[in-house]
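Biologist: Please take a close look at one part of this model, the cavities. Then show me what surrounds them in the rest of the fold.

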Amino acid sequence: MADDHYSLSAKVFHVIREDILSGRYQADEELKEKNIGEEMGVSRTPVREALRQLELEGLVYIIPNKGAFVEGVTLKDIKDIYEIRALLEGLCARWAANNVTKEQMEQIEETIFLSEFHYSKENWDQILELDNRFHEQVYEACESKELTRVLRDYHHYLQRIRKITLGQKVRARASIDEHKAIADALKNKDAQAAEKYARIHIRNTISNMDKIGWENLMK
């Protein structure tokens, strides 16, 4: 029974988290335990526990005797995450170059092949999905649980914005080419080049954000 309780709380946590990151809930909006519980068909207890966990993650703030409110992800948060990612993605690629297996490399190359196919068809949703898959495969190849955990969280936080940027034909094309450069370095076991191209990939993403206008991406 205890395991069921915690799994229920985790389910509520992930649903609310996704709703915050997708923009369903706006900054400073109150998250009412009763309403969320009724919507999800659960009691208020797992909702309360989920909100406490979200507070620890920085997505919710709780005011005693008033309730829980959306902290959300601010423009500064997004900029900070991209700057941190530029460093951590480079580290991840460097470690992946040293540890990637033949099977993992084949999966990475297949992802790039599929990205090319869907780009030719202008299937932008599939491009986003394959972009997620590429990064996830590199995370797995780096063989670091801690680094993978941090990068997965950051990647998820940026999902809404990444959907916008990868829906742009020019940026989608450039992103695939950048993935190819990273993959070539991984295949050649060139850790220095892998780190370099992974950092360039994120830096180019930041430059693209500058062109679009960060404020426009947050609307």
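**A look inside**

Modeller: Along the sequence, the pattern is α-β-α-α-β-β-α-α-α-α-α-α-α-α. That makes 11 helices and three strands. Keep in mind that this is a predicted model. Its C-alpha atoms fill a box of roughly 55 × 40 × 30 Å along the principal axes. Of the 219 residues, 42% are buried.

Now the cavities. Rolling a probe the size of a water molecule over the atoms shows where empty space is left. Here the count is four cavities of 30 Å³ or more. The largest has a volume of about 100 Å³. Its lining is made of Y82, R85, D131, H135, R162, T165, L166, R171, S175, H201, I202 and T205. Which elements give two or more of these residues? They are α4 (75–99), α6 (124–142), α8 (159–165), α9 (169–187) and α10 (191–212). The largest share comes from α10, with three residues.

Look at the classes next. This lining has three nonpolar, five polar and four charged residues. Asp and Arg count as charged, so D131, R85, R162 and R171 are the charged ones. Tyr, Leu and Ile count as nonpolar, so Y82, L166 and I202 belong there.

Move on to the second largest cavity. It holds about 50 Å³ of space. Around it stand E89, A93, F134, H135, V138, I182, A198 and H201. Here α4, α6 and α10 each give two or more residues to the lining. The largest share, three residues, comes from α6. By class, five residues are nonpolar, two are polar and one is charged. Glu counts as charged, so E89 is the charged one. Compare the two lists of names. H135 and H201 appear in both linings.

Now leave the cavities and look at the rings. The structure holds two aromatic pairs. In one, Y61 and F69 are stacked, with 5.6 Å from centre to centre and 20 degrees between the planes. How exposed is each partner? Y61 has 24% relative accessibility, so Y61 counts as partly exposed. F69 has 14%, which is under the 20% limit, so F69 counts as buried.

The other pair is Y119 and W124. Their ring centres are 6.0 Å apart. Their planes meet at 70 degrees, so this pair is edge-to-face. Y119 is buried, because its relative accessibility is 15%. W124 is partly exposed, because its value is 22%. Y119 has a charged neighbour too. The charged end of R173 sits over the Y119 ring, 4.9 Å from the ring centre.

Finally, the strands. Strands of a sheet pair through backbone hydrogen bonds, either parallel or antiparallel. In this protein, three strands form an open sheet in the order β1-β3-β2, with antiparallel pairing. The edge strands are β1 (30–31) and β2 (60–63), and each pairs on one side only. Between β2 and β3 (residues 67–70) there are four bridges. V60 stands opposite V70 in β3. The stacked rings belong here as well. Y61 lies within the range of β2, and F69 lies within the range of β3.

Note on methods
Residues are numbered from 1 along each chain as its sequence is written. This is a predicted model: local features need pLDDT of at least 70, side-chain atom pairs count only at pLDDT 80 or more; totals for chains, interfaces and linings use all residues. Side-chain values use heavy atoms; hydrogens and water are left out. On a 1 Å grid over the protein atoms alone, a cavity is a set of points where a 1.4 Å probe fits but cannot get out, and a pocket is an open set with protein on both sides within 12 Å along at least five of seven lines; lining residues have an atom within 4 Å of a point. Grid points are joined across faces, edges and corners, and a volume is the space filled by probe spheres set on the points. Rings of Phe, Tyr and Trp (its six-membered ring) pair if their centres lie within 6.5 Å; planes under 30 degrees apart count as stacked, over 60 as edge-to-face and the rest as tilted. Buried means under 20% relative accessible area, exposed over 50%, partly exposed in between (1.4 Å probe, protein chains only). A charge sits over a ring if NZ of Lys or CZ of Arg is within 6 Å of the ring centre and within 35 degrees of the ring normal. Two strands pair if DSSP finds at least two bridges between them.
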